[in-house]
Amino acid sequence: MGRTEPAEVACGGCTLCCRSGELILIMDDDPDYPYETQEIVAGERTFTALARRADGACVYVTDTGCAIHGHAPLTCQVFDCAALYASKTRRQRRTMAARDPSGYVAALYARGRELHRLRIGLEAKR
Ligand code: SF4
Ligand code: SF4
């Protein structure tokens with residue numbers, strides 16, 4: 001995922017991507033914030049990611065949204081589920097959803113599809 005401007009996504013109270021189990025890596029250019037983190041070892045490399053709960057959800061997700069809104073890592077700020085949906089083929093989406101028994105990935109793509117369709121409709125009226 002590229003790093004550009006913060007995504008313009010009408011998230012509302014949705015927190016699906018925060019609960020989908022994806023690792024949120026902390027990068028050098030992320031905000032200077034005392035994040036709760038975990039180290040991820042991949043071969044000979046070690047990465048720092050936001051800590052996750054036992055169910056895979058980010059430790060900062062709450063029933064009403066992100067507990068550190070305004071300080072979230074850049075990966076969170078630029079994430080756009082509608083763009084993710086549109087960037088994958090149906091087969092890719094189905095394969096990724098099938099690998100996730102929690103159902104959050106399937107729900108994430110469903111939300112992305114909903115917002116993608118809204119976006120297309122709005123753009124067509126301009
Ligand atoms: S899944 Fe989409 S709508 Fe939901 S919180 Fe993430 S970016 Fe926002
Ligand atoms: S830091 Fe906030 S926006 Fe990022 S995954 Fe956690 S709860 Fe979601």
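## Contacts and fold

In the protein chain, 65% of the contacts with a separation of 6 or more are between residues 24 or more positions apart. The model is a predicted one. Five helices and four strands are assigned to the protein chain, and their order along the sequence is α-β-β-β-β-α-α-α-α.

## Dimensions and burial

The C-alpha trace of the protein chain extends over about 45 × 30 × 30 Å along its principal axes. Its radius of gyration is 15 Å, which agrees with the value near 14 Å that a compact globule of 126 residues would have. Of the 126 residues in the protein chain, 18% are buried.

## Surroundings of ligand 1

The shell around ligand 1 is formed by Val9, Cys11, Cys14, Thr15, Leu16, Cys17, Phe79, Cys81, Leu108 and Arg111. By residue class, this shell comprises eight nonpolar residues, one polar residue and one charged residue. Among the nonpolar members are Cys11, Cys14, Cys17 and Cys81; the polar member is Thr15 and the charged member is Arg111.

Two helices, α1 (16-19) and α5 (104-125), each contribute at least two residues to the shell around ligand 1.

## Position relative to the domains

Where does ligand 1 lie with respect to domain 1 (11-71) and domain 2 (80-126)? Ligand 1 lies between them, because both domains give residues to its shell. Cys14 and Thr15 are among the shell residues within the bounds of domain 1 (11-71), while Leu108 and Arg111 are among those within the bounds of domain 2 (80-126).

Terms used: Residues are numbered from 1 along each chain as its sequence is written. Chains are lettered from A and ligands numbered from 1 in the order in which they are written. This is a predicted model: local features need pLDDT of at least 70, side-chain atom pairs count only at pLDDT 80 or more; totals for chains, interfaces and linings use all residues. A residue is near a molecule or strand if its C-beta atom, placed from the backbone, lies within 6 Å of it. Domain bounds come from an automatic or database domain assignment. The radius of gyration is taken over C-alpha atoms; the globule rule is 2.2 Å times the number of residues to the power 0.38. A residue is buried if 20 or more other C-beta atoms lie within 10 Å of its own, exposed if 12 or fewer, and partly exposed in between; C-beta atoms are placed from the backbone. Two residues are in contact if their C-beta atoms, placed from the backbone, lie within 7 Å.
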